[in-house]
Amino acid sequence: MPSQKGLYNSKKIYNDYAQRNYLEKPEIAILDELFCQLAGMDMLDMGVGGGRTTSYFAPIIKSYIGADYASQMVKVCREKFKDKYKFIESDVRSMNEFEDNSFDFVLFSFNGIDSFDHQDRLKALKEIRRVLKNNGYFCFSSHNLNWKNLHNLFSFKLNDYNNKNMYGIKNPIKRQTYLFKTKYRAFRLALLNKSFKRTDLIARLREKDYARIYDNSLNGKAKIYYISYHEQLRQLKRAGFMEIFSYSRNGLKTTDEEELNNGGWIYYLCKADKKV
Ligand SMILES: C[S@@+](CC[C@H](N)C(=O)[O-])C[C@H]1O[C@@H](n2cnc3c(N)ncnc32)[C@H](O)[C@@H]1O
């Protein structure tokens, strides 16, 4: 299988990200929350992808750098924003180009932090803390291991989304092809995750604090890190972050786990602790 970097550098994927120009509901809530401070902040938009978040932050922030380890993502951002903002190649796990205490705000959106394994995730958190100034903000989202609909990922039955898509297709042959492809994808994920027994797989995953699994991200071609809410809080505290707030997928700022577990992603906003 291709490397994750190779996948992000592939045309289908970078073009898909380049077309995205919206904010997720929790991102709107976080933008609102930080709004009054943004004009005084130096921001690093790490894992910027196709620049989905750029037009919301770059025009109102003191200084903006969009960074990504995938050169094609950096290229599409430069083309999209016509050199209006700065975009560079950088790997979050070792940001040698940035000195300590360089930024007031680091954003790593859309689960970019779930791209790598456990050790690299801890390395990334440490690096982000290093480049942040004391009390600087870090915002990111991550896949939720306790998502109540996690089993849907591994279901051979069509979920609501697939059902709606399928019945939207008028041509019966195309509809059958869609059905076949959807079932094939589920079969492939079961094979990759080494489990055809969905309940066993979910039970196994739920015993853990984190796990790397194949889901539908990156067309099911890469393992994605899923983490429980409590383990994420622990990792952040250990890496030198404090005042950690969480947001549900529908934009609610909450610590209520039932609410958070309604969504497959949890958003986090925290501050760099000066004690580290
Ligand atoms: C899921 S995409 C999100 C893109 C964009 N932030 C958005 O919200 O649309 C994750 C991005 O993180 C980048 N990424 C993954 N691992 C990275 C790393 N180690 N260093 C820097 N960027 C990385 C990928 O190349 C990709 O562009």
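Author: Two residues are in contact when their C-beta atoms, placed from the backbone, lie within 7 Å. The model is predicted: local features need pLDDT of at least 70 and side-chain atom pairs count only at pLDDT 80 or more, while totals for chains, interfaces and linings use all residues. Residues are numbered from 1 along each chain as its sequence is written.

Reader: Thanks! Which residues does F138 touch, not counting those up to four places away in sequence?
Author: F138 is listed with M73 and V106 as having the most contacts inside the largest nonpolar core. Not counting residues up to four places away in sequence, its partners are V106, I128, L132, F241, C270 and A272.

Reader: Which strand gives the largest share of the largest nonpolar core?
Author: That core has 48 residues; a nonpolar core is a set of buried Ala, Val, Leu, Ile, Met, Phe, Trp, Tyr and Cys residues joined through C-beta atoms within 7 Å. Its largest share, six residues, comes from residues 265-272, strand β9.

Reader: And how many residues does the other core have?
Author: The other core lies apart from the largest one and includes F154, I213, I224 and Y225. Its residue count is 16.

Reader: Is I13 buried or exposed?
Author: I13 sits in helix α2, residues 11-18. Leaving aside neighbours within four places in sequence, I13 is in contact with L7, Y8 and L218. A residue is buried with 20 or more other C-beta atoms within 10 Å of its own, exposed with 12 or fewer, and partly exposed in between. Because I13 has 20 other C-beta atoms within 10 Å, it is buried.

Reader: How many residues surround the ligand?
Author: The closest are Y8, G47, G49, F110 and G112, where near means a C-beta atom, placed from the backbone, within 6 Å. The shell divides into nine nonpolar, seven polar and five charged residues. The number surrounding the ligand is 21.

Reader: What distance separates the centres of domain 1 and domain 2?
Author: The domain assignment, automatic or from a database, gives domain 1 as 4-145 + 224-272 and domain 2 as 150-207. Taken over C-alpha atoms, their centres are separated by 29 Å.

Reader: Finally, what is the radius of gyration of the protein?
Author: Along its principal axes the C-alpha trace spans about 55 × 45 × 35 Å, and 37% of the 276 residues count as buried. Among contacts between residues at least 6 apart in sequence, 66% join residues at least 24 apart. The radius of gyration is close to the value that the globule rule gives for 276 residues, so the protein is as compact as a globular protein of that length. Taken over C-alpha atoms and set against that rule, 2.2 Å times the number of residues to the power 0.38, the radius of gyration is 19 Å.

Terms used: Nonpolar A, V, L, I, M, F, W, Y, C, P; charged D, E, K, R; others polar. Helix = DSSP H or I, 4+ residues; strand = E, 2+ residues; numbered from the N terminus.
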